[in-house]
Each structure stands twice: as C-alpha cells, then as structure tokens.
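Ready for a short walk through this model? Open your viewer, and let's go from stop to stop.

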Amino acid sequence: MNRISWLAVPDDTTAPEGVQKLHAKARANLGFVPNVFRAQALNPDTFLAWWNDFNTLVNREGHLTNADRELLAVVVSSLNRCVYCAVSHGAALREYSGDATLADTVAVNWRHAPLSPQQAALCAYAEKLTLTPAHMTEEDLHALRAAGLNDHAILEATQVIGMFNMTNRVSSALGFTPNKEYHRSGR
C-alpha cells in the first residue's frame, strides 16, 4: 500500500482553492506535490497557516543561508528520527550545498561531517534545543556569537529549529511518507 499518511488524504480536485493553487505552484517549481502538502490539506486552513510560517522561515533570503537553514532542518529531523523531514530536507541540503556526502553524513551524525566552526556551532545549538530544551541558558548563545552569528541570525536559527521540531512531530505522529523524488534529488 502506498499511503502517504495514516489519516485520510484529500483528493486534489476537492481541496479548497488556496490548497489547489499551492499544489499547482509546487508542481511548477518541483515537478511534484510534496506529500506533506497533500497530507496536511485535510485541514486546509491550518495547513495554509503552517505553510505561510514555514515558507517565511525556510524559503527566503534571511540572516542564515539556505544551506544553513537546511543543515538545521536535517540535524533536528535526524535527532527526532523524522523520516519525512530527514529525507526531504536532506535532499534540499544536497541541492543547496552541492555535496551529497555532507548531507548524508549530517543526517547520520553531524559531528562526523566536515563543517565550518559556524555550522558546527549551529548544529550543537540545534541538538541541545531539540533534545534538552529545558536546559537552555544564555550561555548557549555565546558559542553562536563566538562563531560569528549576530542576534538576528541566532533568532532565525532558533525559529527554524522550533519550526522543524513541531513539523517533525506532526509528520512522525501521522506517518507522513517522503516522496520518492526526494531520494534521488541532489545525487
């Protein structure tokens, strides 16, 4: 059975106009509709609100590079063992970094990847915030600043990490399956 979610998945033709427009845009840009879009369309208003937040944090120019945001996505998703997000954002990290080996290594253990000091600081921060959020202190920001990140970049990194922790939980709890296209992308 090729299920993409453990819940019902709406048909494209019955989805509201806003969801259909987003699906059409995904088809035009990616060549397919991400399964996370299809699965969350069951509740279209909350899906579109999630997409607006996600898109604002991840798919724009910001204080971090696209590769750094995807690096955070892969670290968080791997720590949370979220198959959908680790696979889909591993593909994005391969695309943005141009390095399939880096992306695959980060997905298993970021400490074994050839990272810059700034990337390593971001990964360590993402790991602590993901695994032990109650243990966060102001001291955790010192390593990020020492690695060259300013407060704008630190806030963006924290928001991206938070977004992926939330999205990982939704994807894992409902059994979202990554599109087959992600497995080939950037290789």
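Begin by selecting C82: this residue is buried, at a relative accessible area of 1% (buried means under 20%, exposed over 50% and partly exposed in between, with a 1.4 Å probe and protein chains only). Before moving on, note that this is a predicted model, where local features need pLDDT of at least 70 and side-chain atom pairs pLDDT 80 or more, while totals for chains, interfaces and linings use all residues. Residues are numbered from 1 along each chain as its sequence is written, and side-chain values use heavy atoms, without hydrogens and water.

Now add C85 to the selection. Its sulfur is the closest cysteine sulfur to that of C82, yet the 3.6 Å between them is too far for a bond; a disulfide needs two cysteine sulfur atoms within 2.5 Å.

Next, pick C123, which is also buried, at 0% relative accessibility. The closest cysteine sulfur to its own is again in C85, 16 Å away and too far for a bond. How many disulfides does the structure hold? Zero.

For the last stop, show helix α3 (residues 44-58) and helix α9 (residues 151-173), whose axes come within 10 Å and cross at roughly 140°. Helices here are DSSP runs of H or I with at least four residues, numbered from the N terminus. α3 passes α9 in a left-handed crossing. To see the contact (heavy atoms within 4.5 Å), select W50, D53, F54, L57 and V58 of α3, then Q159, V160, M163, F164, M166 and T167 of α9.

How values were computed. Axes fitted to C-alpha atoms, helices over the stretch in contact; angles between N-to-C directions. Helix = DSSP H or I, 4+ residues; strand = E, 2+ residues; numbered from the N terminus. Left-handed = near helix turned anticlockwise from the far one by under 90°.
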